[in-house]
Amino acid sequence: MKKIKILALFAFLGFMSCDNYLDINESPNNAKNTDITPDLALAAAQTSSYANVTTSMNFLGNLFMNNWGFDVNSFAVTNPAEFSYSIDNNFYAAIWNTPMRNTANLSNIINTEFPNYENHVAIAKICKAYYFQILVDMYGDIPYSEAHLGVEDITPSYDDAKSVYRDLYVQLDDAINLIDNSPAANAVGAEDAVFGGNMERWKQFANTMKLRLLMRQVDLAEAGTDAETTAYVADKFATLAGSSFLDVDATLNPGYSDTRADTRNPFWNIMYGADNTTVSTFYRQYKASKRNADNLNDNGGDPRRFRLFTPVGGQVVGVLQGDNAVVNGGTAPTTLSSFGPGVLIGASQDAYMFSAAESFLLQSEAVLRGYMPGNDEALFNAAINASCAQLGVTEGGYIGAISSVPGKGWTGTVAQKIEAIMYQKNIALQGTSQALEAFIEYTRTGLIDSVPGSILGATQPNRPRRLLYPTSEYTSNSANVPAQGNVFTTGSFWYAY
(Lines give C-alpha, C1' and ligand atoms only; values in the text may rest on other atoms or scores of the structure.)
Protein backbone atom coordinates (compact mmCIF):
# COMPACT_ATOMS: atom_id res chain seq x y z
CA MET A 1 0.00 0.00 0.00
CA LYS A 2 1.26 3.44 -0.87
CA LYS A 3 2.89 5.21 2.06
CA ILE A 4 1.63 8.66 2.96
CA LYS A 5 3.86 11.24 4.56
CA ILE A 6 2.19 12.82 7.57
CA LEU A 7 4.67 15.26 9.06
CA ALA A 8 2.08 18.00 8.65
CA LEU A 9 -0.37 15.98 10.73
CA PHE A 10 1.82 16.11 13.81
CA ALA A 11 2.62 19.76 13.31
CA PHE A 12 -1.10 20.46 13.08
CA LEU A 13 -1.75 18.81 16.43
CA GLY A 14 0.47 21.35 18.13
CA PHE A 15 -1.66 24.21 16.90
CA MET A 16 -5.06 22.55 16.91
CA SER A 17 -7.70 24.39 18.94
CA CYS A 18 -10.89 23.53 17.04
CA ASP A 19 -12.67 26.80 17.72
CA ASN A 20 -16.32 26.81 16.72
CA TYR A 21 -19.31 28.88 15.84
CA LEU A 22 -19.96 29.84 19.47
CA ASP A 23 -16.66 31.65 20.09
CA ILE A 24 -17.17 35.17 21.43
CA ASN A 25 -13.72 36.22 22.63
CA GLU A 26 -10.79 35.67 20.30
CA SER A 27 -7.95 37.12 22.36
CA PRO A 28 -7.10 37.59 26.02
CA ASN A 29 -5.70 40.98 25.05
CA ASN A 30 -9.05 42.31 23.89
CA ALA A 31 -10.92 44.70 26.15
CA LYS A 32 -12.88 42.84 28.79
CA ASN A 33 -16.32 42.09 27.42
CA THR A 34 -18.70 42.30 30.38
CA ASP A 35 -21.50 44.24 28.70
CA ILE A 36 -23.27 41.10 27.43
CA THR A 37 -25.76 39.62 29.85
CA PRO A 38 -24.60 36.25 31.19
CA ASP A 39 -27.58 34.36 29.78
CA LEU A 40 -26.57 35.38 26.24
CA ALA A 41 -22.92 34.50 26.81
CA LEU A 42 -23.17 31.24 28.74
CA ALA A 43 -23.43 28.62 25.98
CA ALA A 44 -20.60 30.23 24.03
CA ALA A 45 -18.42 30.44 27.12
CA GLN A 46 -19.09 26.79 27.98
CA THR A 47 -18.39 25.58 24.47
CA SER A 48 -15.46 27.69 23.31
CA SER A 49 -13.00 26.13 25.77
CA TYR A 50 -14.18 22.55 25.42
CA ALA A 51 -13.18 21.53 21.89
CA ASN A 52 -9.54 21.33 22.87
CA VAL A 53 -10.38 18.79 25.61
CA THR A 54 -11.75 16.28 23.13
CA THR A 55 -9.11 16.89 20.46
CA SER A 56 -5.54 17.85 21.45
CA MET A 57 -5.86 16.82 25.10
CA ASN A 58 -7.66 13.62 24.23
CA PHE A 59 -5.20 12.64 21.50
CA LEU A 60 -2.17 13.21 23.72
CA GLY A 61 -3.75 11.32 26.62
CA ASN A 62 -4.59 8.29 24.50
CA LEU A 63 -1.12 8.21 22.92
CA PHE A 64 0.75 8.72 26.21
CA MET A 65 -1.44 6.05 27.83
CA ASN A 66 -0.64 3.64 24.99
CA ASN A 67 -4.33 3.30 24.15
CA TRP A 68 -3.85 4.21 20.50
CA GLY A 69 -1.25 3.30 17.92
CA PHE A 70 -0.76 4.26 14.28
CA ASP A 71 -1.87 2.41 11.18
CA VAL A 72 1.66 1.65 10.04
CA ASN A 73 0.30 -0.39 7.14
CA SER A 74 -0.99 2.78 5.52
CA PHE A 75 1.17 5.60 6.90
CA ALA A 76 4.90 6.17 7.05
CA VAL A 77 5.26 6.76 10.76
CA THR A 78 8.84 6.83 11.98
CA ASN A 79 9.12 7.92 15.59
CA PRO A 80 6.75 10.80 16.41
CA ALA A 81 7.32 12.93 19.46
CA GLU A 82 4.46 11.22 21.32
CA PHE A 83 6.54 8.02 21.20
CA SER A 84 10.09 9.38 21.44
CA TYR A 85 9.26 12.01 24.10
CA SER A 86 11.37 14.51 22.20
CA ILE A 87 9.04 17.31 23.20
CA ASP A 88 9.70 21.02 22.87
CA ASN A 89 7.89 24.32 23.50
CA ASN A 90 5.64 23.78 20.47
CA PHE A 91 4.54 20.29 21.49
CA TYR A 92 0.74 20.30 21.87
CA ALA A 93 0.82 24.04 22.53
CA ALA A 94 -2.96 24.21 22.11
CA ILE A 95 -3.34 22.51 25.51
CA TRP A 96 -2.11 25.80 26.98
CA ASN A 97 -3.18 28.36 24.40
CA THR A 98 -6.85 27.45 23.94
CA PRO A 99 -7.94 27.24 27.61
CA MET A 100 -5.88 30.30 28.53
CA ARG A 101 -7.55 32.29 25.79
CA ASN A 102 -11.10 31.01 25.75
CA THR A 103 -11.73 30.85 29.47
CA ALA A 104 -11.72 34.66 29.28
CA ASN A 105 -15.34 34.19 28.23
CA LEU A 106 -16.03 32.55 31.59
CA SER A 107 -14.20 35.33 33.43
CA ASN A 108 -16.42 37.89 31.68
CA ILE A 109 -19.51 36.18 33.10
CA ILE A 110 -17.94 35.93 36.55
CA ASN A 111 -17.16 39.66 36.47
CA THR A 112 -20.54 40.76 35.11
CA GLU A 113 -22.10 43.91 36.54
CA PHE A 114 -25.62 42.82 35.69
CA PRO A 115 -27.58 41.90 38.84
CA ASN A 116 -29.44 38.67 39.63
CA TYR A 117 -27.30 36.34 37.51
CA GLU A 118 -25.82 34.43 40.43
CA ASN A 119 -26.55 31.02 38.93
CA HIS A 120 -24.86 31.94 35.66
CA VAL A 121 -21.84 33.22 37.57
CA ALA A 122 -21.75 29.99 39.58
CA ILE A 123 -21.71 27.87 36.43
CA ALA A 124 -18.91 30.00 34.99
CA LYS A 125 -16.86 29.59 38.18
CA ILE A 126 -17.27 25.82 38.08
CA CYS A 127 -16.34 25.60 34.40
CA LYS A 128 -13.33 27.88 34.85
CA ALA A 129 -12.08 25.72 37.73
CA TYR A 130 -12.43 22.68 35.45
CA TYR A 131 -10.02 24.12 32.87
CA PHE A 132 -7.54 25.76 35.24
CA GLN A 133 -7.16 22.49 37.11
CA ILE A 134 -5.94 20.94 33.85
CA LEU A 135 -3.51 23.81 33.27
CA VAL A 136 -1.99 23.42 36.74
CA ASP A 137 -1.74 19.64 36.32
CA MET A 138 -0.04 19.89 32.94
CA TYR A 139 2.23 22.90 33.51
CA GLY A 140 2.58 23.77 37.20
CA ASP A 141 2.70 27.51 37.91
CA ILE A 142 0.39 29.50 35.64
CA PRO A 143 -1.01 33.03 35.21
CA TYR A 144 -4.17 33.07 37.29
CA SER A 145 -4.89 36.07 39.51
CA GLU A 146 -3.85 38.46 36.73
CA ALA A 147 -5.20 36.41 33.82
CA HIS A 148 -7.96 37.77 31.56
CA LEU A 149 -7.43 41.42 32.40
CA GLY A 150 -7.24 42.26 28.70
CA VAL A 151 -5.36 45.42 27.78
CA GLU A 152 -5.13 46.32 31.45
CA ASP A 153 -2.42 43.66 31.82
CA ILE A 154 -1.19 41.81 28.76
CA THR A 155 1.77 40.29 30.64
CA PRO A 156 0.20 38.59 33.66
CA SER A 157 2.41 37.26 36.43
CA TYR A 158 2.47 33.57 37.27
CA ASP A 159 0.85 32.18 40.41
CA ASP A 160 2.23 29.30 42.44
CA ALA A 161 0.53 26.06 41.37
CA LYS A 162 -0.51 25.09 44.89
CA SER A 163 -2.05 28.50 45.55
CA VAL A 164 -4.06 28.21 42.32
CA TYR A 165 -5.38 24.82 43.42
CA ARG A 166 -6.32 26.23 46.78
CA ASP A 167 -8.23 29.09 45.17
CA LEU A 168 -10.00 26.80 42.71
CA TYR A 169 -11.46 25.01 45.73
CA VAL A 170 -12.57 28.37 47.16
CA GLN A 171 -14.20 29.28 43.84
CA LEU A 172 -16.12 26.01 43.84
CA ASP A 173 -17.34 26.69 47.36
CA ASP A 174 -18.34 30.20 46.26
CA ALA A 175 -20.24 28.73 43.31
CA ILE A 176 -22.25 26.43 45.58
CA ASN A 177 -23.04 29.36 47.90
CA LEU A 178 -24.21 31.44 44.93
CA ILE A 179 -26.53 28.64 43.83
CA ASP A 180 -27.93 28.21 47.32
CA ASN A 181 -28.62 31.93 47.65
CA SER A 182 -29.59 32.84 44.10
CA PRO A 183 -32.70 34.98 43.55
CA ALA A 184 -35.57 33.61 41.49
CA ALA A 185 -34.98 36.23 38.81
CA ASN A 186 -32.98 35.29 35.72
CA ALA A 187 -33.08 31.55 36.31
CA VAL A 188 -30.85 29.47 34.07
CA GLY A 189 -32.59 27.60 31.26
CA ALA A 190 -31.73 26.20 27.86
CA GLU A 191 -28.70 28.50 27.55
CA ASP A 192 -26.91 26.05 29.85
CA ALA A 193 -25.46 23.56 27.36
CA VAL A 194 -24.63 21.00 30.07
CA PHE A 195 -27.53 20.59 32.50
CA GLY A 196 -30.19 22.87 31.00
CA GLY A 197 -30.37 24.93 34.18
CA ASN A 198 -30.51 22.06 36.69
CA MET A 199 -28.58 23.77 39.47
CA GLU A 200 -28.60 20.75 41.78
CA ARG A 201 -26.59 18.95 39.11
CA TRP A 202 -24.15 21.89 39.03
CA LYS A 203 -23.70 21.58 42.78
CA GLN A 204 -22.87 17.90 42.27
CA PHE A 205 -20.41 18.89 39.51
CA ALA A 206 -18.75 21.38 41.89
CA ASN A 207 -18.52 18.79 44.68
CA THR A 208 -17.05 16.23 42.30
CA MET A 209 -14.51 18.80 41.11
CA LYS A 210 -13.57 19.43 44.74
CA LEU A 211 -13.14 15.69 45.19
CA ARG A 212 -10.90 15.53 42.11
CA LEU A 213 -8.77 18.41 43.43
CA LEU A 214 -8.37 16.69 46.78
CA MET A 215 -7.62 13.25 45.33
CA ARG A 216 -4.94 14.80 43.15
CA GLN A 217 -3.14 15.79 46.36
CA VAL A 218 -3.52 12.64 48.48
CA ASP A 219 -0.26 11.01 47.38
CA LEU A 220 1.62 14.18 48.36
CA ALA A 221 -0.38 14.32 51.61
CA GLU A 222 0.55 10.72 52.43
CA ALA A 223 4.22 11.08 51.44
CA GLY A 224 4.99 12.90 54.68
CA THR A 225 6.96 15.67 52.95
CA ASP A 226 4.35 18.44 52.99
CA ALA A 227 2.64 18.86 56.36
CA GLU A 228 0.52 21.75 55.08
CA THR A 229 -0.99 19.62 52.33
CA THR A 230 -1.56 16.73 54.73
CA ALA A 231 -3.53 18.98 57.07
CA TYR A 232 -5.34 20.73 54.23
CA VAL A 233 -6.54 17.50 52.62
CA ALA A 234 -7.77 16.10 55.94
CA ASP A 235 -9.62 19.33 56.76
CA LYS A 236 -11.32 19.61 53.38
CA PHE A 237 -12.38 15.98 53.33
CA ALA A 238 -14.04 16.54 56.71
CA THR A 239 -16.11 19.37 55.22
CA LEU A 240 -16.87 17.37 52.06
CA ALA A 241 -18.40 14.48 54.01
CA GLY A 242 -22.04 13.98 53.14
CA SER A 243 -21.87 15.91 49.89
CA SER A 244 -23.70 14.79 46.78
CA PHE A 245 -21.52 13.88 43.79
CA LEU A 246 -22.26 13.32 40.14
CA ASP A 247 -24.10 10.09 39.41
CA VAL A 248 -24.88 11.04 35.81
CA ASP A 249 -22.63 12.03 32.93
CA ALA A 250 -22.01 15.77 32.62
CA THR A 251 -22.27 16.17 28.86
CA LEU A 252 -21.96 19.31 26.79
CA ASN A 253 -24.15 19.84 23.74
CA PRO A 254 -24.98 23.38 22.59
CA GLY A 255 -26.94 21.99 19.64
CA TYR A 256 -24.29 20.11 17.68
CA SER A 257 -25.52 19.23 14.19
CA ASP A 258 -24.24 18.28 10.77
CA THR A 259 -25.25 21.64 9.31
CA ARG A 260 -21.68 22.90 8.97
CA ALA A 261 -18.22 21.77 10.00
CA ASP A 262 -18.15 24.29 12.83
CA THR A 263 -21.49 23.15 14.26
CA ARG A 264 -20.52 19.49 14.59
CA ASN A 265 -19.30 17.75 17.71
CA PRO A 266 -15.57 18.64 17.65
CA PHE A 267 -14.31 15.06 17.98
CA TRP A 268 -16.59 13.92 15.16
CA ASN A 269 -15.52 16.94 13.13
CA ILE A 270 -11.87 15.86 13.37
CA MET A 271 -12.68 12.31 12.29
CA TYR A 272 -15.06 12.87 9.36
CA GLY A 273 -15.18 15.02 6.27
CA ALA A 274 -17.84 17.58 5.46
CA ASP A 275 -20.19 14.88 4.13
CA ASN A 276 -20.12 13.10 7.55
CA THR A 277 -19.29 9.89 5.70
CA THR A 278 -15.74 10.23 4.35
CA VAL A 279 -13.23 9.46 7.09
CA SER A 280 -10.42 11.91 7.69
CA THR A 281 -6.69 11.37 7.93
CA PHE A 282 -7.04 11.42 11.71
CA TYR A 283 -9.56 8.59 11.65
CA ARG A 284 -7.39 6.49 9.35
CA GLN A 285 -4.22 7.27 11.29
CA TYR A 286 -5.25 6.17 14.79
CA LYS A 287 -5.93 2.54 15.64
CA ALA A 288 -6.09 0.44 18.79
CA SER A 289 -2.75 -0.26 20.42
CA LYS A 290 -1.74 -3.85 21.05
CA ARG A 291 -1.55 -3.25 24.80
CA ASN A 292 -5.06 -1.84 24.88
CA ALA A 293 -6.41 -4.57 22.62
CA ASP A 294 -4.88 -7.34 24.72
CA ASN A 295 -6.37 -5.90 27.90
CA LEU A 296 -9.81 -5.54 26.34
CA ASN A 297 -9.74 -9.09 24.95
CA ASP A 298 -8.56 -10.72 28.19
CA ASN A 299 -10.79 -12.27 30.89
CA GLY A 300 -13.44 -13.37 28.42
CA GLY A 301 -13.61 -9.97 26.74
CA ASP A 302 -14.46 -6.57 28.15
CA PRO A 303 -18.07 -5.77 27.12
CA ARG A 304 -16.94 -2.29 26.07
CA ARG A 305 -14.33 -3.47 23.59
CA PHE A 306 -16.49 -3.51 20.43
CA ARG A 307 -17.99 -0.16 21.36
CA LEU A 308 -14.53 1.36 21.70
CA PHE A 309 -13.06 -0.36 18.64
CA THR A 310 -14.22 -2.33 15.62
CA PRO A 311 -13.77 -6.11 15.78
CA VAL A 312 -11.34 -7.96 13.55
CA GLY A 313 -11.96 -11.69 13.52
CA GLY A 314 -13.91 -11.48 16.76
CA GLN A 315 -11.18 -9.61 18.65
CA VAL A 316 -9.82 -6.10 19.03
CA VAL A 317 -6.58 -6.10 17.06
CA GLY A 318 -3.94 -3.49 17.86
CA VAL A 319 -0.48 -2.36 16.86
CA LEU A 320 2.60 -1.98 19.02
CA GLN A 321 3.52 1.68 19.34
CA GLY A 322 6.57 2.13 17.17
CA ASP A 323 6.12 -1.05 15.12
CA ASN A 324 6.39 -1.23 11.33
CA ALA A 325 4.37 -2.99 8.68
CA VAL A 326 5.49 -6.54 7.94
CA VAL A 327 6.81 -5.47 4.52
CA ASN A 328 9.10 -3.03 6.31
CA GLY A 329 10.43 -5.54 8.81
CA GLY A 330 7.76 -5.06 11.46
CA THR A 331 5.15 -7.31 13.00
CA ALA A 332 1.97 -5.20 12.75
CA PRO A 333 -1.18 -7.16 11.81
CA THR A 334 -2.43 -6.26 8.34
CA THR A 335 -5.88 -5.27 9.64
CA LEU A 336 -6.23 -3.14 12.77
CA SER A 337 -9.23 -2.12 14.84
CA SER A 338 -10.56 1.39 14.22
CA PHE A 339 -12.81 3.51 16.43
CA GLY A 340 -16.04 1.78 17.35
CA PRO A 341 -19.68 2.88 17.31
CA GLY A 342 -19.63 3.90 20.97
CA VAL A 343 -16.93 6.47 20.22
CA LEU A 344 -18.13 7.87 16.90
CA ILE A 345 -21.92 8.12 16.98
CA GLY A 346 -22.77 11.11 14.82
CA ALA A 347 -22.20 14.82 14.24
CA SER A 348 -24.67 15.71 16.99
CA GLN A 349 -23.25 13.38 19.64
CA ASP A 350 -22.76 14.67 23.19
CA ALA A 351 -19.37 15.83 24.43
CA TYR A 352 -18.27 14.53 27.83
CA MET A 353 -16.96 16.95 30.45
CA PHE A 354 -17.19 14.72 33.52
CA SER A 355 -18.42 11.13 33.41
CA ALA A 356 -20.36 9.38 36.12
CA ALA A 357 -17.77 6.59 35.88
CA GLU A 358 -14.97 8.96 36.86
CA SER A 359 -17.05 10.35 39.72
CA PHE A 360 -17.67 6.87 41.12
CA LEU A 361 -13.99 5.93 40.80
CA LEU A 362 -12.87 9.09 42.60
CA GLN A 363 -15.29 8.26 45.40
CA SER A 364 -14.15 4.64 45.49
CA GLU A 365 -10.50 5.62 45.93
CA ALA A 366 -11.36 8.22 48.58
CA VAL A 367 -13.28 5.59 50.57
CA LEU A 368 -10.57 2.96 50.06
CA ARG A 369 -7.91 5.33 51.41
CA GLY A 370 -10.07 6.23 54.40
CA TYR A 371 -10.91 9.82 53.48
CA MET A 372 -14.67 9.30 53.18
CA PRO A 373 -17.22 6.81 54.48
CA GLY A 374 -18.91 4.46 52.06
CA ASN A 375 -18.66 1.18 50.19
CA ASP A 376 -15.54 1.35 48.03
CA GLU A 377 -16.27 -1.90 46.15
CA ALA A 378 -19.85 -0.89 45.36
CA LEU A 379 -18.63 2.45 44.00
CA PHE A 380 -16.01 0.64 41.91
CA ASN A 381 -18.68 -1.62 40.43
CA ALA A 382 -20.98 1.36 39.86
CA ALA A 383 -18.21 2.99 37.82
CA ILE A 384 -17.90 -0.03 35.53
CA ASN A 385 -21.67 -0.12 35.04
CA ALA A 386 -21.73 3.63 34.30
CA SER A 387 -18.91 3.27 31.78
CA CYS A 388 -20.74 0.42 30.06
CA ALA A 389 -23.96 2.46 29.96
CA GLN A 390 -22.12 5.42 28.45
CA LEU A 391 -20.92 3.17 25.64
CA GLY A 392 -24.29 1.47 25.15
CA VAL A 393 -23.64 -2.01 26.58
CA THR A 394 -24.35 -3.89 29.78
CA GLU A 395 -21.77 -5.25 32.20
CA GLY A 396 -22.88 -8.81 31.40
CA GLY A 397 -20.80 -10.66 34.01
CA TYR A 398 -17.57 -8.74 33.41
CA ILE A 399 -17.30 -7.61 37.05
CA GLY A 400 -17.40 -11.23 38.18
CA ALA A 401 -14.92 -12.28 35.49
CA ILE A 402 -12.28 -9.84 36.76
CA SER A 403 -13.09 -10.19 40.47
CA SER A 404 -9.95 -12.26 41.09
CA VAL A 405 -7.68 -10.39 38.67
CA PRO A 406 -5.35 -8.03 40.58
CA GLY A 407 -5.02 -4.61 38.98
CA LYS A 408 -8.28 -4.97 37.06
CA GLY A 409 -10.89 -6.19 39.54
CA TRP A 410 -11.62 -5.55 43.20
CA THR A 411 -9.14 -7.93 44.80
CA GLY A 412 -5.78 -7.97 46.54
CA THR A 413 -3.97 -5.27 48.49
CA VAL A 414 -4.89 -1.60 48.74
CA ALA A 415 -2.17 -0.85 46.18
CA GLN A 416 -3.63 -3.43 43.78
CA LYS A 417 -7.12 -1.98 44.24
CA ILE A 418 -5.80 1.51 43.48
CA GLU A 419 -4.20 0.05 40.36
CA ALA A 420 -7.59 -1.49 39.44
CA ILE A 421 -9.27 1.90 39.93
CA MET A 422 -6.72 3.48 37.60
CA TYR A 423 -7.09 0.68 35.06
CA GLN A 424 -10.87 1.08 34.96
CA LYS A 425 -10.47 4.86 34.84
CA ASN A 426 -8.31 4.57 31.74
CA ILE A 427 -10.85 2.31 30.02
CA ALA A 428 -13.71 4.63 30.99
CA LEU A 429 -11.96 7.84 29.91
CA GLN A 430 -10.38 6.75 26.66
CA GLY A 431 -12.21 7.50 23.45
CA THR A 432 -13.76 10.88 22.93
CA SER A 433 -12.83 13.29 25.68
CA GLN A 434 -11.00 12.67 28.94
CA ALA A 435 -7.94 10.55 28.17
CA LEU A 436 -5.61 13.30 29.37
CA GLU A 437 -7.22 13.00 32.80
CA ALA A 438 -6.25 9.31 32.84
CA PHE A 439 -2.65 10.26 32.03
CA ILE A 440 -2.62 12.82 34.85
CA GLU A 441 -4.02 10.25 37.29
CA TYR A 442 -1.45 7.64 36.30
CA THR A 443 1.25 10.25 36.81
CA ARG A 444 -0.22 11.18 40.20
CA THR A 445 -0.20 7.56 41.43
CA GLY A 446 3.23 6.72 40.02
CA LEU A 447 1.70 4.13 37.70
CA ILE A 448 2.58 5.99 34.53
CA ASP A 449 5.89 4.14 34.24
CA SER A 450 4.01 0.83 34.22
CA VAL A 451 2.54 1.78 30.85
CA PRO A 452 4.79 0.37 28.08
CA GLY A 453 6.42 2.90 25.82
CA SER A 454 7.19 2.72 22.13
CA ILE A 455 9.32 -0.18 20.93
CA LEU A 456 11.47 2.40 19.15
CA GLY A 457 14.21 4.26 20.97
CA ALA A 458 13.07 7.15 23.14
CA THR A 459 15.09 10.29 23.79
CA GLN A 460 14.17 10.17 27.50
CA PRO A 461 13.96 7.30 30.01
CA ASN A 462 10.28 8.00 30.77
CA ARG A 463 7.31 10.08 29.72
CA PRO A 464 7.19 13.70 30.85
CA ARG A 465 5.29 14.45 34.03
CA ARG A 466 3.99 17.69 32.52
CA LEU A 467 4.47 19.85 29.44
CA LEU A 468 6.79 22.72 28.61
CA TYR A 469 5.44 26.26 28.54
CA PRO A 470 4.62 27.11 24.93
CA THR A 471 6.64 29.40 22.71
CA SER A 472 3.78 31.90 22.77
CA GLU A 473 4.52 32.61 26.45
CA TYR A 474 8.21 33.21 25.82
CA THR A 475 7.27 35.50 22.95
CA SER A 476 4.60 37.59 24.67
CA ASN A 477 5.25 37.20 28.41
CA SER A 478 8.90 36.23 28.71
CA ALA A 479 9.63 38.42 31.75
CA ASN A 480 7.17 36.43 33.85
CA VAL A 481 7.68 32.85 32.68
CA PRO A 482 9.25 30.98 35.61
CA ALA A 483 12.03 28.44 35.43
CA GLN A 484 10.23 25.16 34.91
CA GLY A 485 12.82 22.56 35.75
CA ASN A 486 13.08 19.13 34.17
CA VAL A 487 9.56 18.05 33.16
CA PHE A 488 10.72 14.43 32.93
CA THR A 489 11.69 14.22 36.59
CA THR A 490 9.44 16.78 38.32
CA GLY A 491 5.71 17.29 38.02
CA SER A 492 3.18 19.80 39.25
CA PHE A 493 3.17 20.60 42.97
CA TRP A 494 1.26 17.42 43.87
CA TYR A 495 3.79 15.08 42.20
CA ALA A 496 5.26 12.88 44.95
CA TYR A 497 7.51 10.37 43.11
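**Exercise 1. In which loop does N299 lie?**

Step 1. Place the residue. N299 lies in the loop between α14 (290-297) and α15 (305-308). Helices are DSSP runs of H or I with at least four residues, strands are runs of E with at least two, and both are numbered from the N terminus.

Step 2. Note the basis. This is a predicted model, in which local features need pLDDT of at least 70, side-chain atom pairs count only at pLDDT 80 or more, and totals for chains, interfaces and linings use all residues. Residues are numbered from 1 along each chain as its sequence is written, and side-chain values use heavy atoms, with hydrogens and water left out.

Step 3. Check the backbone. N299 is not a glycine, yet its phi is positive, about 60°.

Step 4. Check the accessibility. N299 counts as partly exposed because its relative accessibility is 29%. Buried means under 20% relative accessible area, exposed over 50%, and partly exposed in between (1.4 Å probe, protein chains only).

**Exercise 2. Describe H148 in the same way.**

Step 1. H148 sits in the loop between β2 (142-143) and β3 (158-159).

Step 2. Its phi is near 65°, a positive value in a residue other than glycine.

Step 3. H148 has 10% relative accessibility, so it counts as buried.

**Exercise 3. Which residues touch the most other members of the largest nonpolar core?**

Step 1. Define the set. A nonpolar core is a set of buried Ala, Val, Leu, Ile, Met, Phe, Trp, Tyr and Cys residues joined through side-chain atoms within 4.5 Å.

Step 2. Read off the residues. The largest core has 148 residues, and W202, F205, F237 and M271 touch the most other members. Helix α7 (residues 118-139) supplies the largest share of this core, 14 residues.

Step 3. Look around M271. Leaving out residues up to four places away in sequence, M271 touches F59, T278, V279, S280, F282, Y283, F339 and L344. Contact means heavy atoms within 4.5 Å.

**Exercise 4. Describe how α7 packs against α2 and α9.**

Step 1. Choose the quantities. Two packed helices are described by the angle between their axes and the distance between the axes. Axes are lines fitted to C-alpha atoms, for helices over the stretch in contact, and angles run from 0 to 180 degrees between N-to-C directions.

Step 2. Take α2 (residues 38-48). The axes of α2 and α7 come within 10 Å and cross at roughly 20°. The two helices are therefore roughly parallel to each other. Angles under 35 degrees count as roughly parallel, over 145 as roughly antiparallel, 65 to 115 as roughly perpendicular and the rest as oblique.

Step 3. List the contact. P38, D39, L42 and Q46 of α2 meet H120, I123, C127 and Y131 of α7. By class, this contact of α2 with α7 holds five nonpolar, two polar and one charged residues. Ala, Val, Leu, Ile, Met, Phe, Trp, Tyr, Cys and Pro count as nonpolar, Asp, Glu, Lys and Arg as charged, and the others, Gly among them, as polar.

Step 4. Turn to α9 (residues 199-216). The axes of α7 and α9 come within 11 Å and cross at roughly 25°. That angle makes α7 roughly parallel to α9.

Step 5. List this contact. Residues N119, I123, I126, C127, A129, Y130, Q133 and D137 in α7 meet M199, W202, F205, A206, M209, R212, L213 and R216 in α9. The contact of α7 with α9 divides into eleven nonpolar, two polar and three charged residues.

**Exercise 5. Are α9 and α11 roughly parallel or roughly antiparallel?**

Step 1. Get the geometry. The axes of α9 and α11 (residues 227-240) come within 10 Å and cross at roughly 155°.

Step 2. Classify. That makes α9 roughly antiparallel to α11.

Step 3. Name the partners. N207, K210, L211, L214 and M215 in α9 meet Y232, V233, K236, F237 and L240 in α11. The contact of α9 with α11 has seven nonpolar, one polar and two charged residues.

**Exercise 6. Place L368 in its surroundings.**

Step 1. L368 is found in helix α16 (residues 356-368).

Step 2. L368 counts as buried, at 15% relative accessibility.

Step 3. L368 and I418 are 50 residues apart along the chain, and their C-alpha atoms are separated by 8.3 Å.

Step 4. Apart from neighbours within four places in sequence, L368 is in contact with D376, W410, V414, K417, I418 and I421.
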